[in-house]
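Reader: I'd like to go through the calls made on this model and hear the reasoning behind each one. Can you show it to me?

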Amino acid sequence: MTARLNFFTNAVAMKFARHLVAADRALAESGLPAATQELVKLRASQINGCGFCVDMHSKDAAHAGETATRLNLVAVWREATVFTDAERAALELAEQGTRIADAAGGVTDEAWADAAKHYDEDQLAALVCAIALINAFNRGNVIIQQPAGGYEPGQPH
């Protein structure tokens, strides 16, 4: 399988991608735990059917020390006992933020309040930005059918 468009050689796509990657770097310095960021990125990518991002974020998380058990249970986090209350709140916000088109009211006040119990304002801002950013990456990769499976941790993206 090959992508419909090569984001790595197209000048317009590369310029856009550089801005997205720079935004992602800013989130790394936000105070939102790195593990939470990876879990949120992985869950949104699963929902959006973005194989490239599922591959990337599961490998990056494992490389950073995340356990296989937790990574394997992200898709069914509601039934899993391996996530903290804060992570569960972040995953709920990520799901609702990713499924905006599926929900008449968007993100519920309850989901927001639950996240706000666990994260300060800067961390909430980073969480919202991480959800929006991974959805942008997912949409681009799904549209061009970016193949999955070849990502290596530390590889430029």
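Reader: How many salt bridges does the structure hold?

Author: Eight. Bear in mind that this is a predicted model.

Reader: What makes R78 and E92 a salt bridge?

Author: The cut-off is 4 Å between a side-chain nitrogen of Lys or Arg and a carboxyl oxygen of Asp or Glu. R78 and E92 come to 2.6 Å, N to O, so the pair counts as a salt bridge. The two sit 14 residues apart, R78 in the loop between α4 (68-73) and α5 (85-98), E92 in helix α5.

Reader: And which other residue does R78 form a salt bridge with?

Author: E95, with the closest N and O atoms 2.9 Å apart. That pair also links distant parts of the chain, with E95 in helix α5, 17 residues from R78. R43, R78, E92 and E95 are linked in a network of salt bridges.

Reader: Why is E95 called buried, but R78 partly exposed?

Author: Buried means under 20% relative accessible area, and partly exposed runs from there up to 50%. E95 is at 6%, so buried it is. R78 is at 42%, which puts R78 in the partly exposed class.

Reader: What about K117 and D114, how far apart are their closest N and O atoms?

Author: 3.4 Å, and they form a salt bridge. Both lie in helix α6 (residues 109-118), three residues apart, about one turn of the helix. K117, at 65% relative accessibility, counts as exposed, while D114, at 26%, is partly exposed.

Reader: How do you know that C53 and C50 don't make a disulfide?

Author: A disulfide needs the two sulfur atoms within 2.5 Å. The sulfur of C53 is 3.5 Å from the one in C50, its closest cysteine sulfur, so that's too far for a bond. C129 misses out too, because its closest cysteine sulfur, in C53, is 17 Å away. The structure holds zero disulfides.

Reader: Over to α1: why say that its buried residues line one face?

Author: The residues in question are A13, A17, L20, V21, D24 and L27. Seen down the axis of α1, they fall within an arc of 105 degrees, so they line one face of the helix. What covers them includes α2 (34-48) and α7 (121-144).

Reader: Which exposed residues are on the face turned away from that buried side?

Author: A11, V12, K15, R18, H19 and R25.

Technical notes:
Residues are numbered from 1 along each chain as its sequence is written. This is a predicted model: local features need pLDDT of at least 70, side-chain atom pairs count only at pLDDT 80 or more; totals for chains, interfaces and linings use all residues. Side-chain values use heavy atoms; hydrogens and water are left out. Buried means under 20% relative accessible area, exposed over 50%, partly exposed in between (1.4 Å probe, protein chains only). Helices (H or I, at least four residues) and strands (E, at least two) are DSSP runs, numbered from the N terminus. The arc is that of the directions from the helix axis to the C-beta atoms. Contact means heavy atoms within 4.5 Å.
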